[in-house]
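User: I have a structure open and have not looked at it before. Can you walk me through it?
Analyst: Go ahead and ask.
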Amino acid sequence: MNGRDRVYDHAKLVLIFLVVLGHIIEPFISKSSGMESTFNFIYLFHMPAFIFISGYFTKGKWTLKTGLKLFLDYLVLFIMIQLVFVAFMKGIGIDQYQFLTVQPAYIYWYLFAMFVWSLMLPAALWLGRCVKMGIGHVLLVSMLVALGAGYIDQIGWAWSLSRILVFFPFFVLGYYFKSRGWIIYQVFPRGMALAVMLAGALIMWIWPNLFQFDLLSGANSYSKIGLNEIGLIVRLVLYLIQCLMIMAFFTLLPRKPFIFSRLGTKTLTIYILHGFIVKGLVAVSYFNELTVGKVLLLPILAIVLVIVLGRVPVRFQLSPLILKNDKRNQKSLGKVS
């Protein structure tokens with residue numbers, strides 16, 4: 001762990017807390033405008049920031065070993081979690097999810113998207129080199145594709161294709177920062193970063209539907225969320241705001257390790273397990289009635305879930321069980337491209 005930049009651990013810790021908080025707020029957003037504003041503020045930047053981190057730490061190249069790791073740690077894991085989750089849902093009486101479907105169940109689209117993004121980036125970089133484009137141009141093209149994809153109604157929930165295209169620029173942006181040696185938490189002075197975050201919160205509080213969840217989720221075409229011709233402009237403005245908030249968010253994080261820093265390394269475990277718990281609470285009608293007491297308990301519940309699930313002695317990574325880091329495998333695992 002020597003030389004580890006704890007800012008990214010802290011970022012993942014805060015972001016996974018926001019992920020959990022967002023999912024336990026979600027059942028209440030139809031009952032309270034305050035819940036809706038809080039929910040939309042979370043979704044304004046937390047997923048783009050998480051995807052930025054994933055892009056920052058990606059290798060950006062294909063090898064047989066990295067390909068196998070991606071296959072095992074994301075695609076196979078995605079399929080397994082999907083099957084277990086759907087079975088669990090049916091067991092507790094929630095029938096909205098099906099086994100055989102092209103639409104990833106609930107929150108687990110991210111595992112499939114990570115697999116695809118990790119394949120898309122090396123392909124995009126390779127194509128960029130073929131036409132003599134740098135990573136900056138690849139980032140620009142990824143944004144143009146995402147902006148244009150919103151006009152195609154067929155690009156939507158199926159295979160999470162819309163989300164994959166809409167959020168891919170943040171994945172490329174993370175890799176771009178890493179390739180340039182830039183440090184994202186040194187872009188803004190802290191005072192400016194705080195002002196940006198407060199402005200974002202104020203905007204979402206005053207105009208909770210300025211960026212509706214259907215747009216923030218990136219899951220649908222412009223016409224399906226009522227934006228039609230102006231969708232490209234709205235999404236472009238949203239991209240700019242999200243980039244500012246990502247940089248501000250990182251700037252405000254603590255730089256030194258503290259007692260819960262290591263929980264930032266267990267975000268995958270927290271992410272996978274908390275979905276089962278949230279849906280379990282749905283099944284027992286916890287979210288049927290909104291009370292002041294429940295509102296006050298929501299952040300406490302989210303903190304407890306993060307701490308408890310972060311200490312579960314399980315890592316949802318399949319590759320270490322199959323790919324052994326010995327000399328024989330090192331020799332046999334060569335580059336694919």
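User: Is asparagine 228 buried, partly exposed or exposed?
Analyst: Asparagine 228 is partly exposed, at 37% relative accessibility. Keep in mind that this is a predicted model.

User: Where is asparagine 228 in the fold?
Analyst: Asparagine 228 sits in the loop that runs between α8 and α9 (231-251).

User: What is the phi of asparagine 228?
Analyst: Asparagine 228 has a positive phi of about 50°, although it is not a glycine. Most residues other than glycine have a negative phi.

User: What about tryptophan 159, what is its phi?
Analyst: The phi of tryptophan 159 is positive as well, about 60°, and tryptophan 159 is not a glycine either. Tryptophan 159 lies in the loop between α5 (135-149) and α6.

User: Is tryptophan 159 buried, partly exposed or exposed?
Analyst: Tryptophan 159 is partly exposed, with a relative accessible area of 47%. The cut-off for exposed is over 50%, so 47% does not reach it.

User: Change of topic: pockets. How much space is in the largest pocket?
Analyst: The largest pocket holds about 1400 Å³. Its lining has 39 residues, and those closest to the centre are Lys12, Phe57, Tyr74, Met114 and Gln317.

User: Which helices supply at least two residues of that lining?
Analyst: For the largest pocket, α1 (6-25), α2 (33-56), α3 (64-91), α4 (109-130) and α10 (267-283) each supply at least two lining residues.

User: And how does the lining of the largest pocket split by class?
Analyst: The lining of the largest pocket has 18 nonpolar, 10 polar and 11 charged residues.

User: What volume does the second largest pocket have?
Analyst: The second largest pocket has about 500 Å³. It is lined by 27 residues, and His23, Glu26, Tyr97, Tyr106 and Ile107 lie nearest its centre.

User: What is the lining of the second largest pocket by class?
Analyst: By class, the second largest pocket is lined by 19 nonpolar, four polar and four charged residues.

User: Which helix gives the largest share of the lining there?
Analyst: In the second largest pocket that helix is α10, with four residues. The helices that each supply at least two residues to this lining include α6 (161-180) and α8 (213-216).

User: Tell me about α10, then. Where does it bend?
Analyst: α10 bends by about 25° at histidine 274. Histidine 274 is buried, and other buried residues of α10 include Thr267, Tyr271, Phe276 and Lys279.

User: What span should α10 have?
Analyst: At 1.5 Å a residue, the 17 residues of α10 should span 24 Å. The end C-alpha atoms of α10 are 25 Å apart, which agrees.

User: And α2, where is the bend?
Analyst: α2 bends by about 30° at tyrosine 43. From first C-alpha to last, α2 reaches 35 Å, close to the 34 Å expected for its 24 residues at 1.5 Å a residue.

User: How many of the residues in α2 are buried?
Analyst: In α2, 21 of the 24 residues are buried, so this helix is mostly covered.

User: Which residue is phenylalanine 213 separated from by 6.4 Å, C-alpha to C-alpha?
Analyst: That residue is asparagine 40, which is 173 residues from phenylalanine 213 along the chain. Phenylalanine 213 belongs to helix α8 and is partly exposed, with a relative accessible area of 23%.

User: Last topic. How many salt bridges are there in the whole structure?
Analyst: A search of the whole structure finds two salt bridges. Side chains of opposite charge can pair when their charged atoms come close. One salt bridge joins aspartate 9 and arginine 6 at 2.8 Å, N to O. The other joins aspartate 73 and lysine 69, with the closest N and O atoms 3.9 Å apart.

User: How far apart are aspartate 9 and arginine 6 in helix α1, and are they buried or exposed?
Analyst: Aspartate 9 and arginine 6 are three residues apart in α1, so about one helical turn separates them. Both are buried: aspartate 9 has a relative accessible area of 1% and arginine 6 has 14%.

User: What about aspartate 73 and lysine 69 in α3?
Analyst: Aspartate 73 and lysine 69 are four residues apart in α3, so they too are separated by about one helical turn. Aspartate 73 is buried at 6% relative accessible area, whereas lysine 69 is partly exposed at 33%.

Key: Residues numbered from 1 in each chain as written. Predicted model: local features only at pLDDT ≥ 70, side-chain atom pairs only at ≥ 80, totals over all residues. Heavy atoms only, no water. 1 Å grid on protein atoms, 1.4 Å probe; cavity = no way out; pocket = protein on both sides within 12 Å on 5 of 7 lines; lining within 4 Å. Points joined across faces, edges and corners; volume = space filled by probe spheres on them. Nonpolar A, V, L, I, M, F, W, Y, C, P; charged D, E, K, R; others polar. Salt bridge = Lys/Arg side-chain N within 4 Å of Asp/Glu carboxyl O. Buried < 20%, exposed > 50% of the residue type's maximum accessible area, 1.4 Å probe, protein only. Expected span 1.5 Å × (residues − 1). Bend = angle between axes of the 7 residues up to and from the residue.
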